[in-house]
Amino acid sequence: MGTALLGASLTTIGPWYQGLERPWFQPPDWAFGPAWTLIFALSGYALMRAWRAGAGGILLGVFVLNGG
């Protein structure tokens, strides 16, 4: 969650981005918030499942290093 908040606070989407020619299949801007929320929630769930299965501290370190 901290990674998402930090990224959102440091990202400026200005006229340069809005002026880009984007492909027709790009999702609408409003879809990115829910999509990333789901991605982070599922990552946390996967971490919990792996932890309970006995994956250990290395897994936690890799997860934190990855930005979870």
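Helices here are DSSP runs of H or I with at least four residues, numbered from the N terminus. In this predicted model, that numbering places helix H4 at residues 57–66, and just after H4 comes Gly 67, which takes a positive phi of about 105 degrees. Helix H4 itself is hardly covered, for the count of buried residues among its 10 residues is zero.

A convenient way into the rest of the model is through its open space. The largest pocket holds about 490 Å³ of space. Its lining is made up of 14 residues, and those closest to the pocket centre are Ala 4, Ala 8, Phe 32, Gly 33 and Trp 36. Helix H1, which covers 2–10, and H3 each give at least two residues to this lining. The largest share, five residues, is supplied by H3. By character, nine of the lining residues are nonpolar, four are polar and one is charged.

Two of the residues named at the pocket centre, Phe 32 and Trp 36, turn up again at the surface. Together with Ile 39, Phe 32 and Trp 36 make a nonpolar surface patch of about 290 Å². Ile 39 belongs to helix H3, which spans residues 32–52. With a relative accessibility of 39%, Ile 39 counts as partly exposed because this value falls between the 20% limit for buried and the 50% limit for exposed. The spacing within the patch invites a short reminder about helices. An α-helix has 3.6 residues a turn, so residues three or four places apart point the same way.

Further along H3 lies Tyr 45. Tyr 45 is likewise partly exposed, its relative accessible area being 44%. Two separations help to place Tyr 45 in the fold. Gly 67 is 22 residues from Tyr 45 along the chain, and the C-alpha atoms of the two are separated by 15 Å. Leu 20 is 25 residues from Tyr 45 in sequence, with 36 Å between their C-alpha atoms. Leu 20 is found in the loop between helix H2 (15–18) and H3, where it is partly exposed at 43% relative accessibility.

Charge pairing completes the picture. Side chains of opposite charge can pair when their charged atoms come close. How many salt bridges does the model contain? The count comes to one. The partners are Arg 22 and Asp 29, whose closest N and O atoms are 3.7 Å apart; this pair qualifies because the cut-off for such a contact is 4 Å. Neither partner is buried, since Arg 22 is partly exposed at 31% relative accessibility and Asp 29 is partly exposed at 43%.

How values were computed
Residues are numbered from 1 along each chain as its sequence is written. This is a predicted model: local features need pLDDT of at least 70, side-chain atom pairs count only at pLDDT 80 or more; totals for chains, interfaces and linings use all residues. Side-chain values use heavy atoms; hydrogens and water are left out. Patches are made of residues with over 30% relative accessible area and no salt bridge: like charges are joined within 9 Å, nonpolar side chains (Val, Leu, Ile, Met, Phe, Trp, Tyr) within 5 Å. Accessible areas come from the Shrake-Rupley method with a 1.4 Å probe; for residues, only the protein chains shown count as cover. A salt bridge is a side-chain nitrogen of Lys or Arg within 4 Å of a carboxyl oxygen of Asp or Glu. Buried means under 20% relative accessible area, exposed over 50%, partly exposed in between (1.4 Å probe, protein chains only). On a 1 Å grid over the protein atoms alone, a cavity is a set of points where a 1.4 Å probe fits but cannot get out, and a pocket is an open set with protein on both sides within 12 Å along at least five of seven lines; lining residues have an atom within 4 Å of a point. Grid points are joined across faces, edges and corners, and a volume is the space filled by probe spheres set on the points. Ala, Val, Leu, Ile, Met, Phe, Trp, Tyr, Cys and Pro count as nonpolar, Asp, Glu, Lys and Arg as charged, and the others, Gly among them, as polar.
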